[in-house]
Every structure is written in structure tokens, then in C-alpha cells.
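Hi everyone, thanks for making time today. I'd like to walk you through a structure that is probably new to most of you, so let's bring it up on the screen.

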Amino acid sequence: MKKVVISASSLPAGRNMSSQIEYLNRVQNYGADMYHFDVMDGSYTRYQSIDYTYIEQLREKSVLLFDTHLMVNEPDKVVSKYIKYGSDIITFHIEVLQEDKILQLIKKIKKAGKMVGLAVDLNTDIEQIDKYLDKINMVLIMSVQTGKTGQEFDKSALKKIKHVRNLNKDILIEVDGGINDKTAPQCIRAGADILVSGSYIYNNDVYDAVQNLKGKNG
């Protein structure tokens, strides 16, 4: 059976550091594989969230992979902080930069020894990412509109997952938005490797939720 990687979203824990520490401890103790830092600048997204200072303080408290999702308009201007303070995977949005700057940023992140991902928002044509697939480690497919927790899964993401998987058998595919025990199996069947889950894990028993997402309960 395919191994399912679960990346627990930081978003439901809010901007209170104590809440982030408590939640990080829970998810790493009960089976999550990665912690997904949802970084929103209040410009590309409507809301503002945590930033690199949280990664700096949480890094020493966790052995999980830190999976940083930069939902910001100018990732090239802030990425150095996320490299410095402990991100393992750094993903930025294809929509916010021109091709030359996308390629430069990919090289910068890789040169720093980090994995690099490109995110595709819900309403973005997935074919825009085709030219970058041999240059990155991961594609992040949004299955909701970027920037707000608790939205329902949009099934158009499944076609995007299949598109990427058909083009590249080896690249990591991560899916973010509306992931629960019902939508997780659909994403895995379509070809996803990593599932980002926020509200579903946060609002339920963490162990049971993670096991459900991995398909190990029931």
C-alpha cells in the first residue's frame, strides 16, 4: 500500500505562540509526518498569519519536517529568513512571479539545501506548471481558494493531480484544502503523496484523524 504523508497545517492554531507549540506537540506525538507552516502576508491573501519567527522558535521543539507554504506576493524578498530559520521544504506560488524570477528562486532554495515546491491556486491552469516539473521537488495543488481554513474540497483538484502525475511519475504531489477522511482517499487514488490537513485534524482526536487520513482506521 502506498505510504501517505500527512502534513498538519499550522493555520487552525492561529497566531498565538503557545497555541502553536501545544498543537505542534500534539501532531508530532500522534502520527503526523510534517508541520505545514501557512504563511500569509495579508496581501496575496486576505488574512495575515504566522511568519519566520514562529519557525525559528518552533524548530528546536520538533523533529518533524517543516513544510513552509509562502502565500505571499514577494517570496523572493523573504525566502532567506525561511531558509535560515529551519524550513525543510519551501513552496511559493507560481502566480506571483514572472518566469525568470521563478527560476532564480528555485535555484536559490535548492542551493541552500532545501527542497523546493511550486503551488498552484484553485483557479490557476495546471498546465502553467508543466515547464517547471523537472526543476522542482514538489507541486502543491490547492483544492480550496488560498488563504482561509475550513473551506470545502473542490474536486477540480483531482484532475490537476492526475495531470501532474501523468507527466512526472516521481515528483511529490501535495494537496491542501478541505482534506478529511472522505477526500483523502480520492486524492491518493489520483496520485497525491502528501496531504495537508488543518480543520479536520485540529477539530478531532489527533491520533484518530491522522490514522483516518492514512487509511489505517476502519
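Let's begin with a single residue, Arg-26. Is it buried or exposed, or something in between? With a relative accessible area of 24%, Arg-26 is partly exposed, because buried would need a value under 20%. Please keep in mind as we go that this is a predicted model.

Where does Arg-26 sit? You'll find it in helix α1, which covers residues 17-29. If we set aside residues up to four places away in sequence, Arg-26 touches Tyr-202 and Val-206. For a sense of distance, take Cys-187: it is 161 residues from Arg-26 in sequence, and the two C-alpha atoms are 25 Å apart in space.

Now let's zoom out to the whole chain. It has eight helices and eight strands. Its radius of gyration is 16 Å, close to the 17 Å that the globule rule gives for 218 residues, so the chain is as compact as a globular protein of that length. Along the principal axes, the C-alpha atoms fill a box of roughly 45 × 35 × 30 Å.

How much of the chain is buried? Buried residues account for 53% of the 218. The accessible surface is about 10,100 Å², and carbon and sulfur atoms contribute 45% of that. Among contacts with a separation of 6 or more, 66% link residues that are 24 or more positions apart. And for charges, the chain carries 29 positive and 28 negative ones, with mean positions 2 Å apart.

Next, the strands, and I'll take them in order of pairing. Strand β2, residues 34-40, runs parallel to β3, and seven bridges pair them. If you'd like one spot to look at, Tyr-35 stands opposite Phe-66 in β3. Six of the seven residues of β3 are buried, so that strand is largely enclosed by the rest of the structure.

On we go from β3, residues 65-71, to β4: these two are also parallel, joined by four bridges. Here Asp-67 has Ile-89 as its bridge partner in β4. How many residues of β4 are buried? Five of its five, across residues 89-93.

It helps here to recall that side chains in a regular strand alternate between the two faces of the sheet. In β4, both faces are covered. Ile-89, Thr-91 and His-93 are on one side, Ile-90 and Phe-92 are on the other, and all of them are buried.

Let's move along to another run of strands. Strand β6, residues 138-142, pairs with β7 in the parallel sense over five bridges. Within that pairing, Val-139 has Ile-173 as its partner in β7. Then β7 pairs with β8, residues 194-197, again in the parallel sense and over three bridges. There, Val-175 stands opposite Leu-195 in β8. Why do we call β7 largely enclosed by the rest of the structure? Because four of its five residues, 172-176, are buried.

Just past β7 we come to Gly-177, which lies in the loop between β7 and α6 (183-190). Gly-177 is buried, with a relative accessible area of 6%. Which residues does it contact, leaving aside those within four places in sequence? They are Ser-143, Val-144, Phe-153 and Val-196. Ile-201 is 24 residues from Gly-177 along the chain, and their C-alpha atoms are separated by 12 Å.

Another loop residue to look at is Ala-13, between β1 (5-9) and α1. Ala-13 counts as buried, at 7% relative accessibility. Beyond four places in sequence, its contacts are Ser-19, Gln-20, Tyr-23, Tyr-35 and Tyr-202. Two of those names should ring a bell: Tyr-35 came up opposite Phe-66, and Tyr-202 is touched by Arg-26.

Let me finish with Lys-214, which lies in helix α8, residues 206-214. Is this lysine buried or exposed? It is buried, because its relative accessible area is 12%, and the cut-off for buried is under 20%. Neighbours within four places aside, Lys-214 is in contact with Val-4, Ile-6, Gly-31 and Asp-33.

That's the tour, and I'm happy to turn the model around for anyone who wants a second look.

Technical notes:
Residues are numbered from 1 along each chain as its sequence is written. This is a predicted model: local features need pLDDT of at least 70, side-chain atom pairs count only at pLDDT 80 or more; totals for chains, interfaces and linings use all residues. Side-chain values use heavy atoms; hydrogens and water are left out. Buried means under 20% relative accessible area, exposed over 50%, partly exposed in between (1.4 Å probe, protein chains only). Contact means heavy atoms within 4.5 Å. The radius of gyration is taken over C-alpha atoms; the globule rule is 2.2 Å times the number of residues to the power 0.38. Accessible areas come from the Shrake-Rupley method with a 1.4 Å probe; for residues, only the protein chains shown count as cover. Lys and Arg count as positive and Asp and Glu as negative; His and the chain ends are not counted. The place of a charge is taken as NZ of Lys, CZ of Arg, CG of Asp or CD of Glu. Two strands pair if DSSP finds at least two bridges between them.
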